[in-house]
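Here is a friendly walk through one structure, with an eye on its charged pairs and its nonpolar core. Have the sequence and the model open as you read.

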Amino acid sequence: MKAAELKELSDKDLQAKLEAAVKDLNAKKLQHAVSPLENPAILKVSRKDIARMLTELRARELNNTKN
């Protein structure tokens, strides 16, 4: 998911997507530990998506406190 797409989402939607992404990443990690994933690079992409979501949430939080 791109940063521009994240900026269009509401806070609730972004938080919901973040929670779903974290659950999905944890499930993928567990699956990878039991039997290797076909494409383990998915883990890296998932982590980066989560980081983008957290960054957007933090930027919104800072913007709200500044105003």
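## Charged pairs and core along a helix

Arginine 58 is partly exposed, with a relative accessibility of 43%. Please keep in mind that this is a predicted model. Glutamate 61 is also partly exposed, and its relative accessible area is 43%. The two residues sit three places apart in helix α3, about one turn of the helix, and they form a salt bridge whose closest N and O atoms are 2.7 Å apart.

By the rule used here, the model has five salt bridges. Three of them are set out below, with the N to O distance and the relative accessible area of each partner.

| Salt bridge | N to O distance | Accessibility of Arg | Accessibility of acidic partner |
|---|---|---|---|
| Arg58 and Glu61 | 2.7 Å | 43% | 43% |
| Arg52 and Asp49 | 2.8 Å | 36% | 16% |
| Arg60 and Glu56 | 2.9 Å | 14% | 13% |

Why can such pairs form along a helix? An α-helix has 3.6 residues a turn, so residues three or four places apart point the same way. Side chains of opposite charge can then pair when their charged atoms come close. Arginine 52 and aspartate 49 are three residues apart in α3, which puts about one helical turn between them. Arginine 60 and glutamate 56 are four residues apart in α3, again about one helical turn.

Burial is worth a look, too. Arginine 52 is partly exposed at 36%, whereas aspartate 49 is buried at 16%. In the other pair, arginine 60 counts as buried at 14%, and glutamate 56 counts as buried at 13%. Shared partners link the salt bridges of Asp11, Glu56 and Arg60 into one network.

Now for the helix itself. α3 has 26 residues and spans 38 Å from its first C-alpha to its last, close to the 38 Å expected at 1.5 Å a residue. Its buried residues include Leu43, Ile50, Met53 and Leu57, and what covers the buried residues of α3 includes α1 (3–8) and α2.

The largest nonpolar core has ten residues, among them Leu43, Ile50, Met53 and Leu57. The elements that give two or more residues to this core are α2 and α3 (41–66). Isoleucine 50 touches Leu18, Ala21, Val22 and Leu25, setting aside residues up to four places away in sequence.

Finally, which residue does the side chain of lysine 28 meet in a polar contact? The partner is the side chain of serine 46, at 3.4 Å. Lysine 28 lies in helix α2 (residues 11–34), and, beyond its neighbours within four places in sequence, lysine 28 is in contact with Leu37, Ile42, Leu43 and Ser46.

Technical notes: Residues numbered from 1 in each chain as written. Predicted model: local features only at pLDDT ≥ 70, side-chain atom pairs only at ≥ 80, totals over all residues. Heavy atoms only, no water. Polar contact = N/O pair within 3.5 Å; in protein donor to acceptor, adjacent residues only side chain to side chain. Contact = heavy atoms within 4.5 Å. Core = buried A, V, L, I, M, F, W, Y, C linked by side-chain atoms within 4.5 Å. Buried < 20%, exposed > 50% of the residue type's maximum accessible area, 1.4 Å probe, protein only. Expected span 1.5 Å × (residues − 1). Salt bridge = Lys/Arg side-chain N within 4 Å of Asp/Glu carboxyl O.
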